[in-house]
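Here's a quick tour of a protein model for anyone meeting it fresh. Have a look at the picture, then read on.

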Amino acid sequence: MAYQFPATRAAGIKRLATFVPLAGRDYAAGRNTDNGPEGQAHVSLLSPYLRHRMIAEPEVIRAVLARHSSSAAEKYIQEVLWRTYWKGWLELRPAIWSRFHDERDRMRASFPDARAIAAAEGGMTGIDGFDDWARELVETGYLHNHARMWFASIWIFTLRLPWTLGADFFLRHLIDADPASNTLSWRWVAGLQTAGKTYLATADNIARFTGGRFAPKGLARAAVALTEARIEAPGALPSAPASIGAGLSLLLVTAEDMSPETLFCDAAPISAVSIMIEPDLSAGEPAKRFMAEAANDTACRLTTYYRGKAEVSPVIDAESVIAAAESAKVRRIVTAYAPVGPVATALREMVPTLANAGINLYQIRRPWDTRFWPHAKKGFFAFKEQIPAGLVAEGLAWP
(Lines give C-alpha, C1' and ligand atoms only; values in the text may rest on other atoms or scores of the structure.)
Protein backbone atom coordinates (compact mmCIF):
# COMPACT_ATOMS: atom_id res chain seq x y z
CA MET A 1 0.00 0.00 0.00
CA ALA A 2 1.28 3.40 -1.01
CA TYR A 3 0.75 5.84 1.87
CA GLN A 4 4.00 7.49 2.88
CA PHE A 5 4.24 9.51 6.09
CA PRO A 6 7.88 10.43 6.78
CA ALA A 7 7.80 11.42 10.46
CA THR A 8 9.66 14.72 10.21
CA ARG A 9 8.62 18.35 10.45
CA ALA A 10 10.39 18.98 7.13
CA ALA A 11 8.22 16.32 5.47
CA GLY A 12 5.08 17.95 6.86
CA ILE A 13 6.12 21.35 5.54
CA LYS A 14 6.94 19.85 2.14
CA ARG A 15 3.59 18.09 1.99
CA LEU A 16 1.84 21.33 2.90
CA ALA A 17 3.60 23.14 0.05
CA THR A 18 2.57 20.40 -2.38
CA PHE A 19 -1.05 20.50 -1.27
CA VAL A 20 -1.58 24.28 -1.09
CA PRO A 21 -2.41 24.67 -4.82
CA LEU A 22 -5.20 22.10 -4.33
CA ALA A 23 -6.63 23.55 -1.11
CA GLY A 24 -9.34 25.62 -2.79
CA ARG A 25 -12.08 24.40 -5.08
CA ASP A 26 -10.24 21.17 -5.95
CA TYR A 27 -10.37 20.10 -2.30
CA ALA A 28 -13.99 21.17 -1.91
CA ALA A 29 -15.02 19.13 -4.96
CA GLY A 30 -12.99 15.98 -4.30
CA ARG A 31 -12.54 15.71 -0.53
CA ASN A 32 -15.24 13.06 -0.03
CA THR A 33 -13.85 10.63 -2.61
CA ASP A 34 -11.75 7.74 -1.29
CA ASN A 35 -9.59 6.50 -4.15
CA GLY A 36 -7.61 4.15 -1.93
CA PRO A 37 -4.07 4.41 -0.56
CA GLU A 38 -2.52 4.85 -3.98
CA GLY A 39 -4.81 7.58 -5.22
CA GLN A 40 -5.64 10.16 -2.54
CA ALA A 41 -5.26 13.20 -4.79
CA HIS A 42 -7.80 15.52 -3.21
CA VAL A 43 -6.94 15.50 0.51
CA SER A 44 -3.89 16.98 2.19
CA LEU A 45 -2.62 13.91 4.13
CA LEU A 46 -1.41 16.41 6.74
CA SER A 47 -3.38 14.96 9.64
CA PRO A 48 -0.47 13.05 11.29
CA TYR A 49 1.61 16.24 11.31
CA LEU A 50 -1.22 18.37 12.65
CA ARG A 51 -2.26 15.81 15.23
CA HIS A 52 1.21 15.79 16.82
CA ARG A 53 1.72 19.47 16.03
CA MET A 54 4.80 18.78 14.00
CA ILE A 55 3.28 21.65 12.07
CA ALA A 56 0.77 24.01 13.69
CA GLU A 57 -2.66 25.09 12.50
CA PRO A 58 -1.72 28.75 11.87
CA GLU A 59 1.16 27.62 9.64
CA VAL A 60 -1.22 25.60 7.50
CA ILE A 61 -3.93 28.23 7.22
CA ARG A 62 -1.43 31.02 6.55
CA ALA A 63 0.01 29.04 3.63
CA VAL A 64 -3.45 28.28 2.24
CA LEU A 65 -4.69 31.88 2.49
CA ALA A 66 -1.54 33.10 0.79
CA ARG A 67 -2.69 31.19 -2.31
CA HIS A 68 -6.50 31.15 -2.10
CA SER A 69 -9.32 33.47 -1.12
CA SER A 70 -11.13 32.66 2.10
CA SER A 71 -14.25 31.68 0.14
CA ALA A 72 -12.35 29.32 -2.17
CA ALA A 73 -10.50 27.65 0.74
CA GLU A 74 -13.39 27.72 3.20
CA LYS A 75 -13.99 23.94 3.19
CA TYR A 76 -10.35 23.12 3.89
CA ILE A 77 -9.99 25.80 6.56
CA GLN A 78 -13.09 24.42 8.25
CA GLU A 79 -11.57 20.93 8.12
CA VAL A 80 -8.49 22.17 10.00
CA LEU A 81 -10.75 23.91 12.53
CA TRP A 82 -12.83 20.76 13.07
CA ARG A 83 -9.81 19.27 14.86
CA THR A 84 -9.56 22.42 16.99
CA TYR A 85 -13.28 22.25 17.71
CA TRP A 86 -13.19 18.62 18.83
CA LYS A 87 -10.27 19.32 21.17
CA GLY A 88 -12.03 22.33 22.65
CA TRP A 89 -15.31 20.42 23.06
CA LEU A 90 -13.61 17.66 25.02
CA GLU A 91 -11.48 20.11 26.99
CA LEU A 92 -14.70 21.72 28.28
CA ARG A 93 -16.22 18.29 29.11
CA PRO A 94 -13.33 16.06 30.27
CA ALA A 95 -15.66 13.55 31.92
CA ILE A 96 -16.61 12.28 28.43
CA TRP A 97 -13.06 10.94 28.02
CA SER A 98 -13.34 9.12 31.35
CA ARG A 99 -16.75 7.77 30.35
CA PHE A 100 -15.31 6.40 27.12
CA HIS A 101 -12.46 4.68 29.00
CA ASP A 102 -14.81 3.13 31.56
CA GLU A 103 -17.22 1.80 28.95
CA ARG A 104 -14.40 0.51 26.76
CA ASP A 105 -12.94 -1.41 29.67
CA ARG A 106 -16.35 -2.85 30.56
CA MET A 107 -16.88 -3.98 26.97
CA ARG A 108 -13.43 -5.54 26.82
CA ALA A 109 -14.27 -7.57 29.90
CA SER A 110 -17.89 -8.44 29.19
CA PHE A 111 -18.70 -8.43 25.45
CA PRO A 112 -19.61 -12.06 24.74
CA ASP A 113 -18.52 -12.37 21.10
CA ALA A 114 -14.74 -12.01 20.97
CA ARG A 115 -14.72 -13.77 17.59
CA ALA A 116 -16.83 -11.01 16.06
CA ILE A 117 -14.42 -8.36 17.30
CA ALA A 118 -11.44 -10.31 15.96
CA ALA A 119 -13.14 -10.77 12.58
CA ALA A 120 -13.93 -7.05 12.32
CA GLU A 121 -10.43 -5.97 13.30
CA GLY A 122 -8.86 -8.58 11.03
CA GLY A 123 -10.92 -7.72 7.96
CA MET A 124 -12.67 -11.08 7.88
CA THR A 125 -16.37 -10.19 8.06
CA GLY A 126 -17.09 -10.75 4.38
CA ILE A 127 -18.33 -7.16 3.96
CA ASP A 128 -16.90 -5.57 0.84
CA GLY A 129 -15.04 -2.37 1.62
CA PHE A 130 -15.19 -2.79 5.39
CA ASP A 131 -12.69 -5.66 5.35
CA ASP A 132 -10.42 -3.71 2.99
CA TRP A 133 -10.46 -0.67 5.29
CA ALA A 134 -9.67 -2.81 8.34
CA ARG A 135 -6.60 -4.24 6.61
CA GLU A 136 -5.62 -0.82 5.21
CA LEU A 137 -5.76 0.69 8.69
CA VAL A 138 -3.60 -1.99 10.28
CA GLU A 139 -1.07 -2.01 7.43
CA THR A 140 -0.75 1.75 6.89
CA GLY A 141 -1.99 3.52 10.02
CA TYR A 142 -4.32 5.70 7.95
CA LEU A 143 -7.80 5.84 6.42
CA HIS A 144 -9.58 8.49 4.36
CA ASN A 145 -12.05 10.40 6.54
CA HIS A 146 -15.07 9.19 4.58
CA ALA A 147 -13.89 5.59 4.97
CA ARG A 148 -13.63 6.14 8.72
CA MET A 149 -17.28 7.19 8.81
CA TRP A 150 -18.42 4.21 6.72
CA PHE A 151 -16.34 1.85 8.83
CA ALA A 152 -17.72 3.19 12.12
CA SER A 153 -21.29 3.03 10.86
CA ILE A 154 -20.95 -0.57 9.67
CA TRP A 155 -19.19 -1.54 12.94
CA ILE A 156 -22.02 -0.09 15.04
CA PHE A 157 -25.21 -0.62 13.02
CA THR A 158 -24.50 -3.59 10.74
CA LEU A 159 -22.19 -5.69 12.90
CA ARG A 160 -23.72 -4.36 16.14
CA LEU A 161 -20.41 -4.18 17.92
CA PRO A 162 -19.67 -1.83 20.85
CA TRP A 163 -18.71 1.60 19.54
CA THR A 164 -16.06 2.01 22.25
CA LEU A 165 -14.17 -1.05 21.00
CA GLY A 166 -14.25 0.34 17.46
CA ALA A 167 -12.99 3.70 18.67
CA ASP A 168 -10.24 1.89 20.58
CA PHE A 169 -9.27 -0.02 17.42
CA PHE A 170 -8.79 3.30 15.64
CA LEU A 171 -6.88 4.82 18.56
CA ARG A 172 -4.44 1.93 18.55
CA HIS A 173 -3.73 1.98 14.83
CA LEU A 174 -4.24 5.45 13.36
CA ILE A 175 -1.05 7.48 13.30
CA ASP A 176 -3.18 10.64 13.47
CA ALA A 177 -5.61 9.48 16.17
CA ASP A 178 -6.16 11.89 19.02
CA PRO A 179 -8.55 11.38 21.93
CA ALA A 180 -10.89 14.22 20.96
CA SER A 181 -11.32 13.80 17.19
CA ASN A 182 -11.49 10.01 17.34
CA THR A 183 -13.75 9.60 20.36
CA LEU A 184 -16.18 12.35 19.44
CA SER A 185 -16.38 11.30 15.79
CA TRP A 186 -17.35 7.76 16.80
CA ARG A 187 -19.89 9.23 19.22
CA TRP A 188 -21.32 11.32 16.38
CA VAL A 189 -21.77 8.29 14.11
CA ALA A 190 -23.47 6.43 16.98
CA GLY A 191 -25.96 9.24 17.65
CA LEU A 192 -24.47 10.20 21.01
CA GLN A 193 -22.56 13.38 20.17
CA THR A 194 -25.58 15.09 18.64
CA ALA A 195 -28.29 13.19 20.47
CA GLY A 196 -30.40 11.17 18.06
CA LYS A 197 -28.42 12.13 14.92
CA THR A 198 -26.64 9.12 13.44
CA TYR A 199 -24.65 8.37 10.30
CA LEU A 200 -25.80 5.45 8.15
CA ALA A 201 -23.40 3.96 5.62
CA THR A 202 -25.15 2.88 2.41
CA ALA A 203 -23.94 0.77 -0.48
CA ASP A 204 -24.84 3.49 -3.00
CA ASN A 205 -22.85 6.15 -1.16
CA ILE A 206 -19.86 3.86 -0.77
CA ALA A 207 -19.91 2.88 -4.44
CA ARG A 208 -20.26 6.51 -5.53
CA PHE A 209 -17.41 7.87 -3.43
CA THR A 210 -15.01 4.98 -4.02
CA GLY A 211 -15.34 5.12 -7.79
CA GLY A 212 -17.16 1.80 -7.77
CA ARG A 213 -14.33 -0.04 -5.99
CA PHE A 214 -16.72 -1.37 -3.35
CA ALA A 215 -20.37 -2.37 -3.40
CA PRO A 216 -21.14 -3.97 -0.02
CA LYS A 217 -24.23 -6.06 0.48
CA GLY A 218 -26.29 -6.60 3.61
CA LEU A 219 -25.66 -3.26 5.29
CA ALA A 220 -28.04 -2.06 7.96
CA ARG A 221 -31.04 -0.21 6.53
CA ALA A 222 -31.51 1.94 9.63
CA ALA A 223 -29.29 3.51 12.24
CA VAL A 224 -31.08 3.74 15.57
CA ALA A 225 -29.21 6.14 17.82
CA LEU A 226 -27.50 4.79 20.89
CA THR A 227 -28.39 6.38 24.21
CA GLU A 228 -26.44 7.30 27.32
CA ALA A 229 -26.74 9.09 30.64
CA ARG A 230 -26.97 12.86 30.44
CA ILE A 231 -23.62 14.50 29.72
CA GLU A 232 -22.18 17.34 31.73
CA ALA A 233 -22.63 20.97 30.76
CA PRO A 234 -19.47 22.59 29.36
CA GLY A 235 -17.16 23.92 32.04
CA ALA A 236 -14.62 26.69 31.92
CA LEU A 237 -11.36 26.34 30.07
CA PRO A 238 -8.67 25.35 32.60
CA SER A 239 -6.26 28.15 33.36
CA ALA A 240 -2.79 27.98 31.85
CA PRO A 241 -0.02 30.55 31.48
CA ALA A 242 0.56 31.96 28.00
CA SER A 243 4.30 32.53 28.35
CA ILE A 244 7.32 30.78 29.79
CA GLY A 245 8.38 33.47 32.31
CA ALA A 246 11.82 33.84 33.80
CA GLY A 247 14.20 31.21 35.12
CA LEU A 248 16.11 28.34 33.55
CA SER A 249 13.86 25.44 32.65
CA LEU A 250 13.85 21.92 31.33
CA LEU A 251 11.68 21.73 28.22
CA LEU A 252 9.55 18.58 28.28
CA VAL A 253 8.30 17.57 24.83
CA THR A 254 5.43 15.12 24.46
CA ALA A 255 3.53 13.61 21.54
CA GLU A 256 0.93 16.37 21.91
CA ASP A 257 3.23 19.10 20.58
CA MET A 258 6.37 18.18 18.67
CA SER A 259 7.31 21.59 17.28
CA PRO A 260 7.93 23.46 20.55
CA GLU A 261 10.37 25.76 18.78
CA THR A 262 7.29 27.45 17.28
CA LEU A 263 5.97 28.04 20.81
CA PHE A 264 9.12 28.59 22.87
CA CYS A 265 11.47 30.88 20.96
CA ASP A 266 15.24 30.39 20.90
CA ALA A 267 15.61 33.28 23.36
CA ALA A 268 13.61 31.38 25.99
CA PRO A 269 15.59 30.27 29.05
CA ILE A 270 15.71 26.55 28.11
CA SER A 271 18.74 24.79 29.56
CA ALA A 272 17.89 21.24 28.47
CA VAL A 273 15.30 19.32 26.44
CA SER A 274 13.73 15.98 27.26
CA ILE A 275 11.44 14.23 24.77
CA MET A 276 9.18 11.65 26.38
CA ILE A 277 6.83 9.61 24.19
CA GLU A 278 4.93 7.14 26.33
CA PRO A 279 4.54 3.98 24.22
CA ASP A 280 1.21 2.24 23.84
CA LEU A 281 2.18 -1.40 23.90
CA SER A 282 -1.00 -2.28 22.00
CA ALA A 283 -0.39 0.26 19.22
CA GLY A 284 -0.01 -0.96 15.67
CA GLU A 285 3.38 -1.06 14.01
CA PRO A 286 2.83 2.01 11.77
CA ALA A 287 1.80 4.09 14.81
CA LYS A 288 4.78 2.91 16.88
CA ARG A 289 7.18 3.52 14.01
CA PHE A 290 5.81 6.99 13.27
CA MET A 291 6.15 8.12 16.88
CA ALA A 292 9.69 6.73 17.25
CA GLU A 293 10.80 8.49 14.07
CA ALA A 294 9.03 11.71 15.08
CA ALA A 295 10.78 11.68 18.46
CA ASN A 296 14.18 11.29 16.80
CA ASP A 297 13.45 14.08 14.31
CA THR A 298 12.34 16.36 17.13
CA ALA A 299 15.50 15.59 19.09
CA CYS A 300 17.69 16.47 16.09
CA ARG A 301 15.88 19.74 15.46
CA LEU A 302 15.82 20.85 19.07
CA THR A 303 19.47 19.93 19.68
CA THR A 304 20.32 22.53 17.06
CA TYR A 305 17.63 25.03 18.00
CA TYR A 306 18.39 25.16 21.73
CA ARG A 307 22.12 24.53 21.29
CA GLY A 308 22.21 21.47 23.51
CA LYS A 309 21.50 17.79 23.16
CA ALA A 310 17.85 16.79 23.38
CA GLU A 311 17.39 13.46 25.13
CA VAL A 312 14.70 10.95 24.11
CA SER A 313 12.98 8.70 26.65
CA PRO A 314 10.18 6.26 25.76
CA VAL A 315 8.28 6.78 29.02
CA ILE A 316 6.48 9.70 30.62
CA ASP A 317 6.56 9.24 34.38
CA ALA A 318 7.49 11.28 37.42
CA GLU A 319 10.75 9.43 38.04
CA SER A 320 12.03 10.04 34.52
CA VAL A 321 11.02 13.70 34.64
CA ILE A 322 12.69 14.23 38.01
CA ALA A 323 15.87 12.54 36.77
CA ALA A 324 15.91 14.79 33.67
CA ALA A 325 15.41 17.91 35.80
CA GLU A 326 18.17 16.92 38.21
CA SER A 327 20.53 16.17 35.33
CA ALA A 328 19.80 19.66 33.94
CA LYS A 329 20.18 21.18 37.44
CA VAL A 330 16.81 22.93 37.27
CA ARG A 331 13.75 22.90 39.51
CA ARG A 332 11.37 24.07 36.86
CA ILE A 333 9.86 22.24 33.88
CA VAL A 334 7.90 23.76 31.01
CA THR A 335 5.89 21.92 28.42
CA ALA A 336 3.26 22.66 25.80
CA TYR A 337 -0.24 22.30 27.23
CA ALA A 338 -1.61 18.78 26.81
CA PRO A 339 -5.35 18.59 26.03
CA VAL A 340 -7.55 15.88 27.51
CA GLY A 341 -6.04 12.46 26.87
CA PRO A 342 -3.35 10.07 28.11
CA VAL A 343 -0.55 12.65 28.16
CA ALA A 344 -2.66 15.14 30.11
CA THR A 345 -3.52 12.40 32.60
CA ALA A 346 0.14 11.43 33.02
CA LEU A 347 1.18 15.03 33.60
CA ARG A 348 -1.61 15.67 36.07
CA GLU A 349 -0.83 12.55 38.07
CA MET A 350 2.88 13.36 38.38
CA VAL A 351 2.43 16.90 39.73
CA PRO A 352 2.27 15.91 43.43
CA THR A 353 5.41 13.77 43.10
CA LEU A 354 7.24 16.57 41.33
CA ALA A 355 6.15 19.04 43.99
CA ASN A 356 7.47 16.77 46.73
CA ALA A 357 10.81 16.84 44.92
CA GLY A 358 10.72 20.64 44.81
CA ILE A 359 10.04 20.76 41.06
CA ASN A 360 7.31 22.84 39.42
CA LEU A 361 5.66 21.92 36.12
CA TYR A 362 4.23 24.67 33.90
CA GLN A 363 2.02 23.88 30.91
CA ILE A 364 2.01 26.70 28.37
CA ARG A 365 -1.04 26.82 26.10
CA ARG A 366 -0.80 28.02 22.54
CA PRO A 367 -2.73 31.24 21.81
CA TRP A 368 -4.62 29.37 19.06
CA ASP A 369 -6.16 27.01 21.60
CA THR A 370 -6.91 29.73 24.14
CA ARG A 371 -8.64 31.72 21.42
CA PHE A 372 -10.76 28.99 19.86
CA TRP A 373 -11.45 26.32 22.49
CA PRO A 374 -13.87 28.41 24.61
CA HIS A 375 -16.19 28.65 21.60
CA ALA A 376 -16.71 24.87 21.49
CA LYS A 377 -19.63 24.95 23.93
CA LYS A 378 -22.25 23.91 21.39
CA GLY A 379 -22.22 22.40 17.92
CA PHE A 380 -19.74 23.08 15.14
CA PHE A 381 -22.05 25.50 13.33
CA ALA A 382 -22.04 27.86 16.30
CA PHE A 383 -18.27 27.42 16.53
CA LYS A 384 -17.91 28.10 12.80
CA GLU A 385 -19.35 31.60 13.23
CA GLN A 386 -16.31 32.48 15.36
CA ILE A 387 -13.72 31.34 12.81
CA PRO A 388 -13.33 34.57 10.78
CA ALA A 389 -12.83 36.80 13.82
CA GLY A 390 -10.51 34.24 15.41
CA LEU A 391 -8.33 34.04 12.33
CA VAL A 392 -8.13 37.81 12.06
CA ALA A 393 -7.09 37.97 15.72
CA GLU A 394 -4.38 35.41 14.90
CA GLY A 395 -3.07 37.75 12.20
CA LEU A 396 -4.41 35.60 9.37
CA ALA A 397 -6.07 37.48 6.54
CA TRP A 398 -9.78 36.84 6.08
CA PRO A 399 -11.13 39.10 3.32
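How much area does the protein chain expose, and what share of it do carbon and sulfur atoms supply? The chain exposes about 17300 Å², and carbon and sulfur atoms supply 54% of that; areas come from the Shrake-Rupley method with a 1.4 Å probe.

Bear in mind that this is a predicted model, where local features need pLDDT of at least 70, side-chain atom pairs count only at pLDDT 80 or more, and totals for chains, interfaces and linings use all residues. Residues are numbered from 1 along each chain as its sequence is written, and side-chain values use heavy atoms, with hydrogens and water left out.

On to the overall build. The protein chain holds 18 helices and five strands, counted as DSSP runs (helices H or I, at least four residues; strands E, at least two). Measuring along the principal axes, its C-alpha trace spans about 65 × 50 × 40 Å. Of the 399 residues, 53% are buried (under 20% relative accessible area; exposed is over 50%, partly exposed in between; 1.4 Å probe, protein chains only).

What about disulfides? Searching the whole structure turns up zero, a disulfide being a pair of cysteine sulfur atoms within 2.5 Å. Here are two cysteines and how open they are:

| Residue | Relative accessible area | Class |
|---|---|---|
| Cys265 | 42% | partly exposed |
| Cys300 | 55% | exposed |
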